[in-house]
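Biologist: I'd like to learn how to read a protein model feature by feature. Could you walk me through one?

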Amino acid sequence: MKTTHIEHLGIAVKSLEESIPYYENLLGTKCYNIEEVKDQRVRTAFFQVGQTKIELLESTDPEGPIGKFLEKKGEGIHHVAFAVENASEALAEAESQGLALIDKVSRKGAEGMNIGFLHPKSTHGVLIEFCSK
Ligand code: ZN
């Protein structure tokens, strides 16, 4: 798979309300979108930094993926998302190389992007997401 850039960094936070002003101040840019992604059980907030975004992730359910992450590890970097031409094709290619997947095919994520995750057990501990328009 050919990645073109880091599309976004996903950062788990306890509270968007508390974190947004901090990141607005740190990055010198306003949060431009807040969106709930129901099937991921998160609320997301986005900042644009060059061609890369910062995606803050607040859990809406303690049993959801971010709820569990916060419980186990606390706030911090949750995943790295690489932009690819076609997320489903990139997932298939990764699988053909023997990488474990969380998503066999891409699904709709925040901002209408097609997204899919590799499993961290085969990615040296980093949760990797592929992202395409
Ligand atoms: Zn993401």
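Modeller: We'll go from the whole fold down to single residues.

Modeller: First, some ground rules. This is a predicted model, in which local features need pLDDT of at least 70 and side-chain atom pairs count only at pLDDT 80 or more, while totals for chains, interfaces and linings use all residues. Residues are numbered from 1 along each chain as its sequence is written, and side-chain values use heavy atoms, with hydrogens and water left out.

Biologist: Which secondary structure elements does the protein have, and in what order do they run?

Modeller: Helices (H or I, at least four residues) and strands (E, at least two) are DSSP runs, numbered from the N terminus. Here there are three helices and eight strands. Starting at the N terminus, they follow the pattern β-α-β-β-β-α-β-α-β-β-β.

Biologist: What does the radius of gyration say about the overall shape?

Modeller: The radius of gyration is taken over C-alpha atoms, and the globule rule is 2.2 Å times the number of residues to the power 0.38. For 133 residues a compact globule would come out near 14 Å, and the protein has 14 Å, which agrees. Along the principal axes, the C-alpha atoms fill a box of roughly 40 × 30 × 25 Å.

Biologist: How much of the protein is buried?

Modeller: Buried means under 20% relative accessible area, exposed over 50%, and partly exposed in between (1.4 Å probe, protein chains only). By that scale, 45% of the 133 residues are buried. Contacts (heavy atoms within 4.5 Å) add to the picture: of those with a separation of 6 or more, 52% involve residues 24 or more positions apart.

Biologist: How many charged side chains are there?

Modeller: Lys and Arg count as positive and Asp and Glu as negative, with His and the chain ends not counted. Each charge is placed at NZ of Lys, CZ of Arg, CG of Asp or CD of Glu. The protein has 15 positive and 20 negative side chains, and the centres of the two sets lie 3 Å apart.

Biologist: Now the sheet. In what order do its strands lie?

Modeller: Strands of a sheet pair through backbone hydrogen bonds, either parallel or antiparallel. Two strands are called paired if DSSP finds at least two bridges between them. Here an open sheet of eight strands has the order S2-S3-S4-S1-S5-S8-S7-S6, with mixed pairing. Its edge strands are S2 and S6 (107-108), each pairing on one side only.

Biologist: How are S2, S3 and S4 joined?

Modeller: S2 (residues 33-37) and S3 (residues 42-49) run antiparallel, joined by five bridges. Asn33 stands opposite Phe46, and Glu35 is opposite Thr44. S3 is also antiparallel to S4 (residues 52-59), over eight bridges, with Arg43 facing Glu58 in S4. Both pairs are hairpins: four residues separate S2 from S3, and two separate S3 from S4, with Gly50 in that turn at a positive phi of about 60°.

Biologist: Where do non-glycine residues with a positive phi sit?

Modeller: Most residues other than glycine have a negative phi, and most peptide bonds are trans. Arg41 has a positive phi of about 55° although it is not a glycine, and it is found in the loop between S2 and S3. His124 likewise has a positive phi of about 55°, in the loop between S7 and S8. Arg41 is partly exposed at 32% relative accessibility, whereas His124 is exposed at 82%.

Biologist: Why is S8 described as largely enclosed?

Modeller: Five of the five residues of S8 (residues 128-132) are buried, so the rest of the structure largely encloses this strand. In a regular strand the side chains alternate between the two faces of the sheet. In S8, Ile128, Phe130 and Ser132 point one way and Glu129 and Cys131 the other, and all are buried. S5 (residues 76-84) pairs with S8 in the parallel sense over four bridges, with Ala83 opposite Cys131. S7 (residues 114-117) pairs with S8 in the antiparallel sense, also over four bridges, and Phe117 stands opposite Glu129.

Biologist: To finish, which residues does Ile6 touch?

Modeller: Ile6 lies in S1 (residues 3-13) and is partly exposed, with a relative accessible area of 34%. Not counting residues up to four places away in sequence, Ile6 touches Gln51, Thr52, Val80, Ala81 and Phe82. The C-alpha atoms of Ile6 and Lys53 are separated by 8.2 Å, though the two are 47 residues apart along the chain.
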